[in-house]
Amino acid sequence: MMESLYSYQNQLLASTEFFFRRSFIDSVEWNDRLIGIVGARGAGKTTCLLQRLQDIGTSDLSNLYVTLDNLSNPYPTLIALAETFHNRGGKVLILDEIHKYPGWAGELKNIYDRFPRLKVVYSGSSTLKIRDEAVDLSRRAVVYQLQGLSFREYLEIIVKCSLPKISLHELLKDHVGFCIRLIKDLKPLAYFKPYLKNGYFPFFLQSEKTYLFKLQAIINYILESEIPGILNIEYRNIQKMKRALQYIAANLPYQPNISKLAESIELNRNSLLTYLGLMERAGIITSLYQSGSFYGKLTKPGKILLHHPNLSFALNSGEANIGNLRECFFVNQLAHSHKVELAVKGDFMIDEKYLFEIGGKGKKGKQIAGMQEAFIVADDLETGFDNKIPLWLFGFLY
């Protein structure tokens, strides 16, 4: 039975076309005994796992990849699979699509306790279910969040070369030098607008023409299957949740009037807040709060954006407001590793220290004049100067 799994693994490795996500793969501490990788559907989790498997090798049969949506899996339980693999000298067991296996968290806990020399890596596309069920693993598992492609990673795929990451501190200190070095061999602005429309998930490689349709299908699956799986809500409320998302998408950046929105879609205020919270956890929207607010996230958000720019095109019939796209891109690329808040003056406060004003190429700094650690982020600008930084450059943070 184990031989059939190795055979399937080798077929996958032979047929997979790997893309550049080395920075994420290299950021994982693979020596931990229980590792979780979660992220949205289509983010590239399976390819990252197979790339890791290729890195560590399969010649001695001590490393095994199993996808739990494979109907030919001959083992009735994860524990039975792990025990057989362990007894045959197995060292690293990779379990893909873990959310499709009922009671997976409890079995992983038992595997962790029973087989101390076995390392287990698991992944799941259903971010809501993974977070909801993995409470018992909090003291055992190290969980990594795989974001969609950064602009840097998108460029690596398109131009087929390795490009450097840059920290926020390095970017603010020497953004001009970094741009000058980069544009010697690359014209980033030529790729920026295509990225904003259909570059966040690597399945754009399959077909750019069908990319937005696939993205819409992912959104519908989250709203119709994943969220009801957590709350067990009625179908009519699913439709109301969709209406709320459509309203938000049509009025971006949305400054919430929760009571008014709840009334317009015939939903009570608390239910609407619950649904918005789940949509944020699922990577559909991003809620932003005012910097310096004493109550912080205990209050309603000051602004709601979509989680990434591609969603603006998917939810607005291929059209999107350029101002919203700029803000959405900036927040998405920074929120991965930084605290992002709304600023009292300017647009965004980062890490309670840096102030940013977002705009087009001709954007002036009136709103942030005289402020310390304040910067203008400008679209359609290849190279910046002084405190004016090209927007695209913030796509090199991860």
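Student: In this model, are Trp392 and Phe396 buried or exposed?
Tutor: The model is a predicted one, and the burial of a residue is judged here by whether its relative accessible area falls under 20%. By that criterion Trp392 and Phe396 share one description, and both are buried.

Student: How confident is the prediction, and which element of the protein has the highest mean pLDDT?
Tutor: Over the protein the mean pLDDT is 91, with 95% of the residues reaching 70 or more. Among the elements, the lowest mean, 67, belongs to helix 6 (residues 127-133), whereas the highest, 98, belongs to strand 12 (residues 388-390).

Student: What radius of gyration does the protein have?
Tutor: The chain is organised into 15 helices and twelve strands. For 398 residues the globule rule gives 21 Å, and the protein is as compact as a globular protein of that length because its own radius of gyration comes close to this, at 22 Å.

Student: What share of the contacts with a separation of 6 or more joins residues 24 or more positions apart?
Tutor: Along the principal axes, the C-alpha atoms fill a box of roughly 70 × 55 × 40 Å, and buried residues make up 53% of the 398 residues. Among contacts with a separation of 6 or more, the share that joins residues 24 or more positions apart is 66%.

Student: Which elements are tied together by the aromatic pair of Phe151 and Phe192?
Tutor: The structure holds 21 aromatic pairs. In the one formed by Phe151 and Phe192, the ring centres are 5.2 Å apart and the planes meet at 75°, an edge-to-face arrangement. The two residues are 41 positions apart in sequence, so their pair ties together separate parts of the chain, namely helix 7 (residues 151-159) and helix 9 (residues 189-198).

Student: What are the relative accessibilities of Phe151 and Phe192, and how is the pair of Trp392 and Phe396 arranged?
Tutor: Phe151 has a relative accessible area of 0% and is therefore buried, and Phe192 also counts as buried, at 2%. For Trp392 and Phe396, the ring centres lie 5.8 Å apart with the planes at 75°, and because planes over 60 degrees apart fall into that class, the pair is edge-to-face.

Student: Which residues are linked by ring pairs into a cluster?
Tutor: The residues of the two pairs just discussed, Phe151 with Phe192 and Trp392 with Phe396, are among the members. The complete cluster consists of Phe151, Tyr154, Phe178, Phe192, Tyr195, Phe204, Phe329, Trp392 and Phe396.

Student: Against which helices do the buried residues of helix 9 pack?
Tutor: The residues in question are Phe192, Tyr195, Leu196 and Asn198, which are the buried residues of helix 9. Their packing partners are helix 7, helix 10, helix 14 (310-315) and helix 15 (322-335).

Student: Which helix contributes the largest share of the largest nonpolar core?
Tutor: This core has 102 residues, of which Phe330, Phe356 and Phe394 touch the most other members. Its largest share amounts to eight residues and comes from helix 10 (residues 211-231).

Student: Which residues does Phe394 contact beyond its neighbours within four places in sequence, and how many residues does another core hold?
Tutor: With those neighbours left aside, Phe394 is in contact with Leu168, Leu171, Phe329, Phe330, Gln333, Leu334, Phe356, Val377 and Ile389. Apart from the largest core lies another, including Leu81, Leu93, Ile98 and Leu118, and its size is 29 residues.

Student: Which residues does Arg21 touch when those up to four places away in sequence are not counted?
Tutor: Arg21 lies in the loop between helix 1 (2-15) and helix 2 (22-27), yet with a relative accessible area of 2% Arg21 is buried. Its contacts are with Ala43, Cys48, Leu146, Gln147, Gly148, Leu149, Glu153 and Tyr398.

Student: Is Gly362 buried or exposed, and at what relative accessibility?
Tutor: Gly362 is found in the loop between strand 10 (354-359) and strand 11 (374-378). Since the exposed class begins over 50%, Gly362 counts as exposed, at a relative accessibility of 56%.

Student: With which residues is Asn237 in contact, leaving aside neighbours within four places in sequence?
Tutor: Asn237 has its place in helix 11 (residues 235-250), and at 16% relative accessibility Asn237 counts as buried. Its contacts are Leu267 and Tyr275.

Note on methods. Residues numbered from 1 in each chain as written. Predicted model: local features only at pLDDT ≥ 70, side-chain atom pairs only at ≥ 80, totals over all residues. Heavy atoms only, no water. pLDDT = per-residue confidence, 0-100. Helix = DSSP H or I, 4+ residues; strand = E, 2+ residues; numbered from the N terminus. Phe/Tyr/Trp six-rings, centres within 6.5 Å; stacked < 30°, edge-to-face > 60°. Buried < 20%, exposed > 50% of the residue type's maximum accessible area, 1.4 Å probe, protein only. Core = buried A, V, L, I, M, F, W, Y, C linked by side-chain atoms within 4.5 Å. Contact = heavy atoms within 4.5 Å. Rg over C-alpha atoms; globule rule 2.2 N^0.38 Å.
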